[in-house]
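Please work through the exercises below with the sequence and the coordinates open beside you. Each task is followed by a solution that proceeds step by step.

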Amino acid sequence: MKRKGNWLLLAPIYIFTLLFVALPILYMFLLSFLSRAEVWGVDFDFTLDNYGRILEPLYLNTFVESLKLAFLSTGLIVMIGYPYGYFMARMSDVWKRRMMLLIMIPFWTSALIRMYGWIIMFRSNGVLDRVLMGLHITEEPLKLLYTYPAVVVGMIYALLPFMILAVYSSAEKLDFTLVEAARDLGASSFMAFWTVSFKLTLPGLLSGVVLSFIPSMGLFFIADILGGNKIVLVGSVIQEQLTKGRNLPFAAALSAVLMILTSLMIRLYRKITGTKELEGFM
């Protein structure tokens, strides 16, 4: 009777996973092996041309540029987010709540609206230009909007909270008396941090890397808004194929390759940490 009750409690989860996760993924993979119809829709002719087309220089370069942007933005997010999350975990409870509030406030507004806010900052004679010229750092307006650095800043701004929260969650569980014990045994501040704190918070750091790296390859709206269509990501190509090109099989093939790449990242994370925190993503 108890087993039957447990099964009934788990049934909604399995049904939801089957209908809204497993079946859409299966449909996407099946669609990627079909052919585009002449007008609209697909022809049920099995083909590998969609995957072969990805190897063309145009689309292959898009994957390379997306990976470069993902690595760059993730590296900068680590440099900013890890110290923030680590030292936030060492604050008093009052300051923890205050810092957590600062992190959560941006989520109260749509990400799309927040990205348009950066246009006001980066546009010529915008807020940033006026501040820099007011401080006599620059003499004329900078052309920051619709540039690569603007897209990188947008990526960092959108994904930094995930890194901070992942590191904070790991650092908060850290027993800092172990660090003090290392110092008492003669370790320097850096060695105590490197051998104790860093190793114990490494799972949180790697979790933040995964949560930052994977979305950064597909957040095409940031590249469109702050890059002015000059920075093309894989997500941008998928969106274009769905709306303008109406090539559903090719868009599905691009999505399948992107999903395989992200799955490999999650597998690598689990292998390094030996944990199953992100098992639900697989």
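The exercises that follow concern a predicted model, and they go from the overall fold to single residues.

**Exercise 1. Overall architecture**

Task: Determine how many helices and strands the protein chain has, and in what order the elements run.

Solution. Step one is the count, which gives twelve helices and two strands for the protein chain. Step two is the order from the N terminus on, which reads α-β-β-α-α-α-α-α-α-α-α-α-α-α. Step three adds the dimensions: along its principal axes, the C-alpha trace of the protein chain spans about 75 × 70 × 35 Å. Step four concerns burial, and here 38% of the 282 residues in the protein chain are buried.

**Exercise 2. A nonpolar surface patch**

Task: Find which residues form the nonpolar patch on the surface, and then state how Leu18 is placed and how accessible Leu18 is.

Solution. The patch is formed by Ile15, Phe16, Leu18, Leu19, Phe20, Val21, Leu23, Leu26 and Leu30, which together present about 870 Å² of accessible area. Taking Leu18 as the example, one locates this residue in helix 1, which covers residues 2–31. The relative accessible area of Leu18 is 48%, so Leu18 is classed as partly exposed. Membership in a patch requires over 30% relative accessible area, and the 48% of Leu18 satisfies that condition.

**Exercise 3. Salt bridges**

Task: Establish how many salt bridges there are, and describe each pair by its distance, its place and its accessibility.

Solution. The criterion is a side-chain nitrogen of Lys or Arg within 4 Å of a carboxyl oxygen of Asp or Glu, and by this rule the count comes to two.

- The pair Lys68 and Glu65 forms a salt bridge in which the closest N and O atoms are 3.7 Å apart. Both residues belong to helix 3 and are three residues apart, which means that about one helical turn separates them. Lys68 is partly exposed at a relative accessible area of 47%, and Glu65 is likewise partly exposed, at 28%.
- The pair Lys96 and Glu172 forms a salt bridge with an N to O distance of 3.9 Å. Because Lys96 lies in helix 4 (residues 93–104) and Glu172 in helix 7 (residues 148–172), this pair ties together parts that are 76 residues apart in sequence. Lys96 counts as buried with a relative accessibility of 14%, whereas Glu172 is partly exposed with 42%.

**Exercise 4. The second largest pocket**

Task: Characterise the second largest pocket by its volume and by the residues that line it.

Solution. The volume of the second largest pocket is about 410 Å³. Its lining consists of 18 residues, and those closest to the centre are Asn229, Val232, Ser236, Val237 and Glu240. Turning to secondary structure, helix 3 (57–89) and helix 11 (234–243) each contribute at least two residues to the lining, and helix 11 provides the largest share, namely six residues. By residue class, the lining divides into six nonpolar, seven polar and five charged residues.

**Exercise 5. Positive phi angles in a loop**

Task: Where do His136 and Tyr146 lie, and what are their phi values?

Solution. His136 is placed in the loop between helix 6 (127–134) and helix 7, and Tyr146 is also found in the loop between helix 6 and helix 7. The phi of His136 is near 60°, a positive value in a residue other than glycine, and Tyr146, which is not a glycine either, has a positive phi of about 65°. As to accessibility, His136 is exposed with a relative accessible area of 71%, while Tyr146 counts as partly exposed at 37%.

**Exercise 6. Separation in sequence and in space**

Task: For Ser263 with Ile214, and for Ala187 with Thr74, set the separation in sequence beside the C-alpha distance.

Solution. Ser263, a residue of helix 12 (residues 248–273), is 49 residues from Ile214 in sequence and 9.1 Å from Ile214 in space, C-alpha to C-alpha. Ser263 is partly exposed, with a relative accessible area of 22%. Ala187 sits in the loop between helix 8 (177–184) and helix 9 (189–216), and Ala187 is partly exposed at 24%. Between Ala187 and Thr74 the separation is 113 residues in sequence and 31 Å in space, again from C-alpha to C-alpha.

Key:
Residues are numbered from 1 along each chain as its sequence is written. This is a predicted model: local features need pLDDT of at least 70, side-chain atom pairs count only at pLDDT 80 or more; totals for chains, interfaces and linings use all residues. Side-chain values use heavy atoms; hydrogens and water are left out. On a 1 Å grid over the protein atoms alone, a cavity is a set of points where a 1.4 Å probe fits but cannot get out, and a pocket is an open set with protein on both sides within 12 Å along at least five of seven lines; lining residues have an atom within 4 Å of a point. Grid points are joined across faces, edges and corners, and a volume is the space filled by probe spheres set on the points. Helices (H or I, at least four residues) and strands (E, at least two) are DSSP runs, numbered from the N terminus. Ala, Val, Leu, Ile, Met, Phe, Trp, Tyr, Cys and Pro count as nonpolar, Asp, Glu, Lys and Arg as charged, and the others, Gly among them, as polar. Patches are made of residues with over 30% relative accessible area and no salt bridge: like charges are joined within 9 Å, nonpolar side chains (Val, Leu, Ile, Met, Phe, Trp, Tyr) within 5 Å. Accessible areas come from the Shrake-Rupley method with a 1.4 Å probe; for residues, only the protein chains shown count as cover. Buried means under 20% relative accessible area, exposed over 50%, partly exposed in between (1.4 Å probe, protein chains only).
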